[in-house]
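Dear colleague,

I am handing over a structure that I have been reading through, and I would be glad if you looked at it before you go on to my notes. The notes follow below, with each term explained where it is first used.

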Amino acid sequence: CVHTENCFVPISEIIAVEETELNKKQRNIGRWQKMTKLHAFTVYYVKKARNHRWRCSDVTFWGVDEHLCNQWIQALKELLEMQKSRPKQLLVYINPYGGKRQGKRIYEQKVAPLFSLASISTDVVITEHANHAKDNLFEVNIYKYDGVVCVGGDGMFSEVMHGLIGRMQKDSGIDQNNPKASLVQCNIRIGIIPAGSTDCICYSTVGISDPVTSALHIIVGDCQPLDVSSVHHNNTFLKYSVSLLGYGFYGDILKDSEKKRWMGPMRYDYSGFKTFLSHHYYEGTIAYQPAKHTHGSPRDKESCRTGCYICKKSEKQLVEQNKKCGLKHEEGEEEWKVIKGKFLAINAVNMSCACPRSPKGLSPAAHLADGSADLILVRKCSRFDFLRYLVRHTNQDDQFDFPFVDVYRVKCFQFTSKLSEDNESNVMDIGKKRFGQFCRDHPACCCNIVNSTWNCDGETLDSSAVEVRVHCQLMKLFARGIEENCKEEAAYSQSSIEQLL
């Protein structure tokens, strides 16, 4: 066989192998080839480019020996069959209304041809209303699928995640309303094809919001465990969160922007500026349990990357802790830390929450699968100081290096606003007193701003008293985390086509 360039590709990143009919131009390469019939096959593979972008590329091999050519095709196809993590059948949900209403077009033009090339069969559902995908996941036979793919933004992913995790708990007889329940892991992977206004989860787990890149991660069968936080109020389940749970500044932005959906993605800029100028703070009490099992801290600058050793060590340590004393016993023994104060923002993140505008995210050293969340408390400060803090999200400086910012790595926490009349929601009897919120610096707004809203992965959550618990690696994505250097990894391979040849 002859090929025109050196091409090192791991078997795990070959998409497909097909017999090829050479066109006239290819057949005319070299006079000797005109005298004989040529046989060829094409290898389609992942080509890695800058900024974590993946593309489908191909290389064609040809020769005069038909038997040898068929042997190569058969050998490569057998190697691909051995890649057991690859999906063969997928359930796909497309949100035709999200973002710029491009979900259906993106899937049909950019993703479906790749799935077809990789011999993946799909059942496609076009969602018609809110919670269509979530409700459908409670009805279909999900166990016949190797994964569920959502085409849309973070809202679409959240809907599929709630449906899949909820279905798993229902089938296992787990009561989601019990905040202390040990939830059953969801082993059916979720794939995200970004097509929304915000694609924070995709960006934080793949490194780029690009439909083709995400499709290729699904095809090669990548698997990235993901922590999920459950949010309860008064022994009632409210939501699951995998990225941001924000009260105060980010909650107020979301609440205001929801009224301006007609503005499109620009609404976030408008509402952000408006919320910054209003400068509301909220009084309340936070109680948390430190995540003592984790290896690392929010300020150690150890970013979560592909094959993260901190996530692996932390998961192992958590399993050992739970074996020794059991979940309930452990919670009873460990001390709760209590903080009362006035806060401009209370953020809990399960991942960095990186996006194109904030490449490092809200917590650059947050980990995807270490069984903890980073709890960030921004206390009342001047507008100028708060602006300095917000600007840090866009550069390389340590955004926690302010006297009014505290950050803790936690496995669970509770928040009760000062005006909350919900006295039943706190474990350990913390915050049993009636708390209220008022705005001493802005008397005119007292009657208007009673409580903030929680921003739960881009969806509003109206509850002034919540209990949040992190469930270690509750679900899995078709992703591999953010790679350190795509080009170096592309050039290196233990099992490559070049070695085979």
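The protein chain exposes about 22,900 Å² of surface, and carbon and sulfur atoms supply 49% of it; accessible areas here come from the Shrake-Rupley method with a 1.4 Å probe, and for residues only the protein chains shown count as cover. Please keep in mind that this is a predicted model, in which local features need pLDDT of at least 70 and side-chain atom pairs count only at pLDDT 80 or more, while totals for chains, interfaces and linings use all residues. Residues are numbered from 1 along each chain as its sequence is written, and side-chain values use heavy atoms, with hydrogens and water left out.

Of the 501 residues of the protein chain, 56% count as buried, where buried means under 20% relative accessible area, exposed means over 50%, and partly exposed is what lies in between (1.4 Å probe, protein chains only). The protein chain has 15 helices and 17 strands; helices (H or I, at least four residues) and strands (E, at least two) are DSSP runs, numbered from the N terminus. If we take the contacts between residues at least 6 apart in sequence, 79% of them join residues at least 24 apart, a contact being heavy atoms within 4.5 Å.

One strand deserves a careful look. Why can strand β11 be called largely enclosed by the rest of the structure? Strand β11 covers residues 282-290, and 9 of its 9 residues are buried, so the rest of the structure largely encloses it. In a regular strand the side chains alternate between the two faces of the sheet. In β11 both faces are covered, since Y282, G284, I286, Y288 and P290 on one side are all buried, as are E283, T285, A287 and Q289 on the other.

Strand β11 also has partners, and two strands are said to pair if DSSP finds at least two bridges between them. With strand β12 (residues 337-349), β11 pairs in the antiparallel sense over 7 bridges, and Y282 stands opposite F343 in β12. With strand β14 (residues 405-417), β11 is joined by 7 bridges, and these two strands run antiparallel; here A287 stands opposite Q414 in β14.

Next come the charged residues. Side chains of opposite charge can pair when their charged atoms come close. The structure holds 17 salt bridges, each being a side-chain nitrogen of Lys or Arg within 4 Å of a carboxyl oxygen of Asp or Glu. In one of them R480 pairs with D222, with the closest N and O atoms 2.8 Å apart. This pair links distant parts of the chain, 258 residues apart, as R480 is in the loop between β17 and α14 (486-491) and D222 is in the loop between α8 (211-219) and β8 (224-233). R480 and D222 are both buried, and a network of salt bridges links E13, K48, D222, R480 and E483.

A second salt bridge brings us back to β11, because the side chains of K418 and E283 meet with 3.8 Å from N to O. This pair, too, links distant parts of the chain, with K418 in the loop between β14 and β15 (454-456) and E283 in strand β11, 135 residues apart. K418 is partly exposed at 26% relative accessibility, whereas E283 is buried at 9%.A third salt bridge joins the side chains of R409 and D374 (2.8 Å, N to O). R409 lies in strand β14 and D374 in strand β13 (residues 373-379), so the pair ties together parts that are 35 residues apart in sequence. R409 is buried at 7% relative accessibility, and D374 is buried at 2%.

Two residues have backbone angles to look up in the viewer. Phi of H52 is near 65 degrees, a positive value in a residue other than glycine; H52 sits in the loop between β2 (39-48) and β3 (54-63) and is buried, with a relative accessible area of 19%. Phi of Q473 is near 50 degrees, again a positive value in a residue other than glycine; Q473 is found in strand β17 (residues 465-477) and counts as buried at 9% relative accessibility.

Finally, how many disulfides does a search of the whole structure find? It finds 0, a disulfide being a pair of cysteine sulfur atoms within 2.5 Å. As for single cysteines, C56 is partly exposed, with a relative accessible area of 30%, whereas C456 is buried at 1%.

With best wishes
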